[in-house]
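User: Take me through one part of this model closely, starting from a single pair of residues. Then show me how that part sits with the rest of the chain.

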Amino acid sequence: MSDPSKTRASGGPTVVRMKPRPAVVELVVSDMAATLAFYRRLGLDVPAEADGEPHVDVDLGGIRLAFDTADTVRSFDPDWTPPSGGHRVALAFACADPTEVDEAWTEMVGAGHEGHLEPWDAFWGMRYAVLRDPDGTPVDLFAPLPS
């Protein structure tokens with residue numbers, strides 16, 4: 001069986017097609033320290049000294065989550081502006097069970113973070129809630145509902 005990533009142009013040499021793989025999700029942040037505090041509270045292991053950095057990334061186990069300040073992005077893309085009218089990315093954090101969704105929601109909102117949608121039992125079989133990080137990025141909390 002031939003490798004589907006390789007094709008032979010009619011009579012020509014074999015052409016290898018690229019297979020890029022997801023590796024990094026990047027968030028552009030306005031306040032690095034506030035954003036990292038939010039994600040630390042959700043369990044990401046980010047050293048305190050990262051708060052003053054213009055770029056931080058965290059290994060999520062095969063993919064990385066990167067945080068860049070707007071100034072960092074503008075250093076290579078001077079015309080960059082934040083999106084308006086809604087979000088273009090959301091992150092989701094799996095919880096062990098529905099109770100953990102409720103507990104995480106309560107803890108995050110109690111710590112002063114914005115709760116967007118309070119926990120509810122979604123029709124697709126999940127306990128779900130939505131927070132917003134300091135830049136307004138939706139952050140979902142979810143766990144399967146018991147059968």
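Analyst: **From one residue pair to the whole chain**

Trp120 stands opposite Tyr128, a residue of E8. Keep in mind that this is a predicted model.

What kind of pairing holds E7 and E8 together? E7 and E8 pair in the antiparallel sense. There are 5 bridges between them. The two strands form a hairpin, with 4 residues between them. One residue in that turn is Gly125, whose phi is positive, at about 90°.

Now widen the view. The hairpin strands belong to an open sheet of 4 strands. Its order is E6-E9-E8-E7, and its pairing is mixed. Which strands form the edges? E6, residues 91–94, is one edge strand, and E7, residues 114–121, is the other. Each of these two pairs on one side only. From one strand to the next, the twist averages 15°.

A helix packs on this sheet: H3, residues 98–110. H3 touches E7, E8 and E9, with E8 covering residues 126–132. The direction of H3 makes about 15° with that of E8.

Move to the E6 end of the sheet. There E6 runs parallel to E9, residues 138–144. The two strands are joined by 4 bridges. One residue to find is Ala92, whose bridge partner in E9 is Asp140. E7 and E8, by contrast, are antiparallel, and the sheet as a whole is mixed.

Next, the other sheet on show. It is open too, with 3 strands in the order E3-E5-E4 and mixed pairing. Why is one side of E3 and of E4 left without a neighbour in the sheet? E3 and E4 (55–59) stand at the edges and have a single partner strand each, so each has one side with no neighbour in the sheet. Here the twist averages 20° from one strand to the next.

Look at E3 beside E5. E5 covers residues 64–69, and its pairing with E3 is parallel over 6 bridges. Val25 is bridged to Leu65 in E5. Helix H1, residues 32–41, lies across E3, E4 and E5. H1 runs at about 155° to E5.

E3 also leads to the largest pocket. That pocket holds about 390 Å³ of space. It is lined by 18 residues. The closest to its centre are Val28, Trp80, Pro83, Asp135 and Thr137. Which strand gives the most to the lining? E3, residues 24–29, does, with 4 residues. By type, the lining divides into 8 nonpolar, 7 polar and 3 charged residues.

Last, the whole chain. It has 3 helices and 9 strands. Along the sequence they follow the pattern β-β-β-α-β-β-α-β-α-β-β-β. Is the chain compact or spread out, judged by its radius of gyration? The radius of gyration is 20 Å, while the globule rule gives 15 Å for 147 residues. The value is well over the rule, so the chain is more spread out than a compact globule. Along its principal axes, the C-alpha trace spans about 65 × 50 × 35 Å.

To trace the path again on screen, begin at Trp120 and Tyr128. Follow the hairpin turn with Gly125. Cross the sheet through E8 and E9 to E6. Then turn to E3, E5 and E4.

Key:
Residues numbered from 1 in each chain as written. Predicted model: local features only at pLDDT ≥ 70, side-chain atom pairs only at ≥ 80, totals over all residues. Heavy atoms only, no water. Pairing = 2+ DSSP bridges. Axes fitted to C-alpha atoms, helices over the stretch in contact; angles between N-to-C directions. Contact = heavy atoms within 4.5 Å. 1 Å grid on protein atoms, 1.4 Å probe; cavity = no way out; pocket = protein on both sides within 12 Å on 5 of 7 lines; lining within 4 Å. Points joined across faces, edges and corners; volume = space filled by probe spheres on them. Nonpolar A, V, L, I, M, F, W, Y, C, P; charged D, E, K, R; others polar. Rg over C-alpha atoms; globule rule 2.2 N^0.38 Å.
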